Amino acid sequence: MQHYSPYEIIEANPTTGLVLLADHAMNRLPEEYGSLGLPAAAFQRHIAYDIGVEHLVRRLSAALDAPAVLGCFSRLLIDPNRGEDDPTLIMKISDGAIIPGNHPISEEEWDNRLNRFHRPYHRAVAETLERSALATGSAPLVISIHSFTPAWKGAVRPWHAAVLWDNDARAVLPLIEKLEASGDIVVGNNEPYDGALRGDTMFRHCMAPGIPHALIEIRQDLIADEAGIAAWADRLAPILADLNTRPDLHRYERHPSRTGAYDI
């Protein structure tokens, strides 16, 4: 079995005070898992990863000199943006695609995927946030980047981008305002998804410890090529840089979650 790193840390300047995350950056699998019984084409779909996000985050990290953590395994193997007790952590079927390599799955293999991929990724996130906090003496501002499909079950999605959140609006409301200020895009506020998901990356690393944060979703057709990725990096970089200058976005302040009381 070859060594396989489940994450990549882009080591930029921790004193920037901004940390970027990309849970679903890549569509890769370790060799021993083959293709999980799926055709190769499945790994070019959104079920395998967030299309366009890896290269967008790399551009943003370079432009902002901000550390970033990228997930290096396909969400088809195990989803890093789910809590360990979430029933969708390892999917048996995703958007119509049956995943033979995930069903049946033994308890031993379930734990193996947690220990080899999910938990190391989250340790890397926690350690990167801690390095930023130690370097600045304050809470980092965390921005998680995802992408969503242009349509779902035949319904066209009108949003160009969206901001998802639970119950901490500190970074969210100014981010939405700045995105909408250009007047040329439609921005979703907790659409097409609700950002309150117990145990997900933002809940675990930001809501529970009180770190300011926001999750940005970008429509996949807009970042499917290098021109689109460059355009969105140019759009987002000055907005995130401006948000990062705000003292109120570098304070620990725990807000109640809409998913219920914290148990951590």
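Me: Which residues does S61 touch, not counting residues up to four places away in sequence?
Reply: S61 touches I10, A12, L20, A66 and A68 (contact: heavy atoms within 4.5 Å). This is a predicted model, in which local features need pLDDT of at least 70 and side-chain atom pairs pLDDT 80 or more, while totals for chains, interfaces and linings use all residues. Numbering starts from 1 along each chain as its sequence is written, and side-chain values use heavy atoms, without hydrogens or water.

Me: Where is S61 found?
Reply: S61 is part of helix α1, residues 53-64 (helices, H or I of at least four residues, and strands, E of at least two, are DSSP runs numbered from the N terminus).

Me: And is S61 buried or exposed?
Reply: S61 is buried, with a relative accessible area of 3% (buried: under 20%, exposed: over 50%, partly exposed in between, for a 1.4 Å probe and protein chains only).

Me: Turning to the sheet, in what order do the strands come?
Reply: The order is β1-β3-β2-β6-β11-β9-β10, an open sheet of seven strands with mixed pairing (two strands pair at no fewer than two DSSP bridges, that is, at least two).

Me: Which strands stand at the edges?
Reply: Those are β1 (7-10) and β10 (187-189); each has a single partner strand, so one side of each lacks a neighbour in the sheet. On average, neighbouring strands of this sheet are turned by 20° against each other, direction ignored (axes are lines fitted to C-alpha atoms).

Me: How many bridges join β2 to β3?
Reply: Three bridges join β2, residues 18-22, to β3, residues 68-71, and these two strands run parallel. On the β3 side, V69 is the bridge partner of L21.

Me: Which strands does helix α5 lie across?
Reply: Helix α5, residues 226-244, lies across β2, β6 (141-148), β9 (161-164) and β11 (213-219). Its direction is at about 170° to that of β11 (angles run from 0 to 180 degrees between N-to-C directions, with helix axes fitted over the stretch in contact).

Me: Now α3: which of its residues are buried?
Reply: In helix α3, residues 172-181, the buried residues are V172, P174, L175, I176 and L179.

Me: What covers the buried residues of α3?
Reply: The cover includes strands β9, β10 and β11, together with helix α5.

Me: Which residue follows α3, with a positive phi?
Reply: G183 follows α3, and its phi is near 80°.
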